[in-house]
Amino acid sequence: MKPTLILATLLLLAHPLSGQEGEEYYSYVVAVEGTGQLIPADGSDRLDLERNLPIVPGDGLEVPIGSRADLLLSDGNRVAIEGGSDVVFPELAGSPESGQTRTLLQLRQGQLRIDGIGGAVGADTPIVDTGNTRIYVQEEGRYLITASDWDDTEVAVRRGWAEVL
C-alpha cells in the first residue's frame with residue numbers, strides 16, 4: 001500500500017463521528033434490515049426506511065417485527081431500533097434545525113439500544129421516555145431499553161450507568 005493511501009486511511013479513521021462543540025450534524029439511518037417507515041414531523045407522507053435517510057426533530061420511526069434500523073444521531077450516539085418498535089425523536093441535540101442541547105427519544109413500544117458516547121457535541125446526555133419511565137443515560141456505555149404497550153419498562157445497562165425515574 002502506498003504511504004499516501006495509508007495516511008489518508010488513518011486520517012479517515014481518526015475523524016470523529018460526532019462534531020466538536022458548536023458543530024451541527026444530521027441524524028440519519030445507517031442501516032436497515034427488513035422494512036420500516038419514517039413518520040415525518042411535518043405531517044407529510046410516510047417514507048420507507050433506507051440507508052442515509054435523514055431524521056429531524058419530531059420525526060418518528062415504526063420498525064415492524066422481524067426488522068431492525070440502526071441510526072447515527074446528530075449528537076454522535078448510535079441507536080439500534082429492534083422490530084416491533086415505535087419511536088419518536090422530539091429533540092435531537094446538535095441538529096441544524098433545532099438548536100437543542102439534549103436528545104430526547106420517546107419509546108412508545110418495543111426495544112432500542114443506545115451505544116452512547118454520553119453528552120456529545122457539548123450536549124446533555126440522552127433521555128429516553130417510555131409510557132411510565134424516564135431514563136437518563138449518564139455516561140458512555142451500552143443501554144438496552146424495552147417498553148411494552150402495557151406500561152412495563154425494562155432497562156439493562158451493559159456498560160455505564162443510567163438514572164431511572
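## Strand pairs, salt bridges and a loop

Asp86 has Gln109 of strand S9 as its bridge partner. Let's start from this pair and work outwards. The model is a predicted one, in which local features need pLDDT of at least 70 and side-chain atom pairs count only at pLDDT 80 or more, while totals for chains, interfaces and linings use all residues. Residues are numbered from 1 along each chain as its sequence is written, and side-chain values use heavy atoms, with hydrogens and water left out.

**Exercise 1. Find how S8 is joined to S5 and to S9, and how covered S8 is.**

Step 1. Begin with the elements. Helices (H or I, at least four residues) and strands (E, at least two) are DSSP runs numbered from the N terminus. The protein has one helix and 14 strands.

Step 2. Look at S8 and S9. These two strands run antiparallel and are joined by four bridges. That satisfies the rule for pairing, which asks DSSP to find at least two bridges between two strands.

Step 3. Turn to S5. Four bridges also connect S5 with S8, again in antiparallel fashion. Here Leu61 is placed opposite Val87 of S8.

Step 4. Check the cover. Six of the seven residues of S8 are buried, where buried means under 20% relative accessible area, exposed over 50%, and partly exposed in between (1.4 Å probe, protein chains only). Across the protein's 165 residues, 39% are buried.

**Exercise 2. Follow the salt bridges of Glu62 and Arg102, and say where the partners sit.**

Step 1. Set the criterion: a side-chain nitrogen of Lys or Arg lies within 4 Å of a carboxyl oxygen of Asp or Glu. Side chains of opposite charge can pair when their charged atoms come close. The whole structure holds seven salt bridges.

Step 2. Take Glu62, whose partner is Arg46, with 2.8 Å between the closest N and O atoms. This pair connects distant parts of the chain, since Glu62 is in strand S5 (residues 60-63) and Arg46, 16 residues apart from Glu62, is in the loop between strand S2 (37-39) and S3. Both ends are partly exposed: Glu62 has a relative accessible area of 30%, and Arg46 has 42%.

Step 3. Take Arg102, which pairs with Glu91 at 2.8 Å between the closest N and O atoms. This pair too links distant parts of the chain, with Glu91 in strand S8 (85-91) and Arg102 in the loop between S8 and strand S9 (104-116), 11 residues apart. Arg102 is partly exposed at 24% relative accessibility, whereas Glu91 is buried, because its value is 19%.

Step 4. Look for shared partners. Arg68, Asp70 and Glu82 are joined into one network by such salt bridges. One of the links is Arg68 to Asp70, with the closest N and O atoms 3.0 Å apart.

**Exercise 3. List what Thr133 and Tyr136 touch away from their sequence neighbours.**

Step 1. Place Thr133: this residue lies in the loop between strand S10 (127-129) and strand S11 (134-137). Thr133 is buried because its relative accessible area is 13%.

Step 2. Count contacts, meaning heavy atoms within 4.5 Å. Beyond residues up to four places away in sequence, Thr133 touches Val128, Thr153, Val164 and Leu165.

Step 3. Move to Tyr136, a residue of strand S11. Tyr136 is partly exposed, at 22% relative accessibility. With neighbours within four places set aside, its contacts are Pro126, Ile127, Trp161, Ala162, Glu163 and Leu165. The C-alpha atoms of Tyr136 and Leu165 are 8.3 Å apart, although 29 residues separate the two along the chain.

**Exercise 4. Decide which stretch of the model to read with caution.**

Step 1. Use pLDDT, the predictor's confidence in each residue, from 0 to 100. Its mean over the protein is 84, and 82% of the residues reach 70 or more.

Step 2. Find the weak stretch: residues 1-21 have pLDDT below 50, and this stretch makes 13 contacts in the model beyond near neighbours in sequence. Where pLDDT is low, the predicted coordinates should not be read in detail.

**Exercise 5. Describe the backbone and exposure of Asn52.**

Step 1. Asn52 sits in the loop between strand S3 (47-48) and strand S4 (54-55).

Step 2. Its phi is near 75°, a positive value in a residue other than glycine.

Step 3. Asn52 is partly exposed, because its relative accessibility is 47%.
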